Amino acid sequence: MKTGIIIPCYNEEKRINTKAFLDFITVEENFHLCFVNDGSTDNTMKVLNEMKNKFPLRISVVDIKQNKGKAAAVKAGATYLFNRVDASYVGYLDADLSTDFKDFKLLVDKLKSDHNLSLVFGSRSISVNGIERNPLRGLFSKVIKTFIYGILRLPIKDTQCGAKVFTREIIPVIFKSDFICRWLFDVEIFLRMKSKYGRKNVMNYMKEKALLRWVHADDSKLGMKDALQIPYRLINIWLAYSLINVFKTPTVKVLKLDSNRENLVFRSAA
């Protein structure tokens, strides 16, 4: 049973720690790294291809030609891994490894050990050691958490941590349709879980687990303009999931190989 890890990448040429990824996949035979290039304008694809060429059976590259945001990148990676017969679990990590592999493996272990669970996700809020965060960002985060709790009405302390892992069976439910927001799609993931299992039962199928370490990268892709729009985006999500029936029959699109069969190309408008 392999675990596929999606790593969305947008202009990561200079900051991605290729050594850390290669060291990990060298010794971890039960994992598969799926890098998703989200329309990068630098040499990210070259860097990803170099890693892939070193471990062609353990590393894949999905290439989205035009930047569509993290939500679409993660969805593309989940679609690809779902169509691999060897991927029993699928998760995602940020390219800057703000959550490291040690913590991610603990999330996977928890999911494997409890067959009732469909989703295990990292939490910075209930961690006590090794968390490094800008104080102003922390204050803003608390305000946003209040908005999110009002939407979800679930006892979740940290929806936005970029480390989550799913069972294969839940992938068509979580990634069955496009996400509304490019960056706040984690909220939508929990809303889709809530829709499937019901508010009273959903927490029996997912587990929030404290991280031992988490470091916020200084050069975040989320700018001030995007940050100020978060409340507005959350209202849009709430309205869409409250008033519009977006839960259609689950479908998973099959990715096609490009002409030279070197890289997987995601050509959907998702």
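This tour visits two helices that pack side by side, a further helix, and one loop residue, in a predicted model.

**First stop: helix 1 and helix 2**

Select residues 18-27, which form helix 1, together with residues 44-54, which form helix 2. The axes of these two helices come within 11 Å and cross at roughly 20 degrees. Because angles under 35 degrees count as roughly parallel, helix 1 is described as roughly parallel to helix 2. The crossing of helix 1 past helix 2 is right-handed.

Next, display the side chains where the pair meets. On helix 1, select Thr 18, Phe 21 and Leu 22; on helix 2, their counterparts are Val 47, Met 51 and Lys 54.

**Second stop: the two sides of helix 1**

Keep helix 1 selected and colour Phe 21, Leu 22, Phe 24 and Ile 25, its buried residues. With the view turned to look down the axis of helix 1, these buried residues fall within an arc of 160 degrees, so they line one face of the helix. Phe 21 and Leu 22 thus appear twice on this tour, as buried residues and among those that meet helix 2.

What lies over this buried set? The cover includes helix 2 and helix 4, as well as strand 1 (2-9), strand 2 (31-38) and strand 3 (59-64). Then rotate to the face turned away from the buried side, where the exposed residues Lys 19 and Val 27 are found.

**Third stop: helix 4**

Helix 4, part of the cover just described, is reached by selecting residues 101-113. This helix has 13 residues, and the distance from its first C-alpha to its last is 18 Å, close to the 18 Å expected at 1.5 Å a residue. Colour its buried residues: Phe 101, Asp 103, Phe 104, Leu 107, Val 108 and Leu 111. They occupy an arc of only 165 degrees around the axis, which places them on the same side of helix 4. Lys 102 and Ser 113 are exposed residues on the face turned away from that buried side.

**Last stop: Gln 160**

Finally, select Gln 160, in the loop between helix 5 (135-152) and strand 7 (164-167). Is this residue buried, partly exposed or exposed? Gln 160 counts as partly exposed, since its relative accessibility is 24%.

Add Ser 123 to the selection: it is 37 residues from Gln 160 along the chain, yet the two C-alpha atoms are separated by 8.3 Å. Leaving aside residues up to four places away in sequence, Gln 160 touches Arg 124, Ile 148, Trp 183, Leu 184, Asp 186 and Val 187.

How values were computed
Residues numbered from 1 in each chain as written. Predicted model: local features only at pLDDT ≥ 70, side-chain atom pairs only at ≥ 80, totals over all residues. Heavy atoms only, no water. Helix = DSSP H or I, 4+ residues; strand = E, 2+ residues; numbered from the N terminus. Expected span 1.5 Å × (residues − 1). Buried < 20%, exposed > 50% of the residue type's maximum accessible area, 1.4 Å probe, protein only. Arc of directions from axis to C-beta. Axes fitted to C-alpha atoms, helices over the stretch in contact; angles between N-to-C directions. Parallel < 35°, antiparallel > 145°, perpendicular 65-115°, else oblique. Left-handed = near helix turned anticlockwise from the far one by under 90°. Contact = heavy atoms within 4.5 Å.
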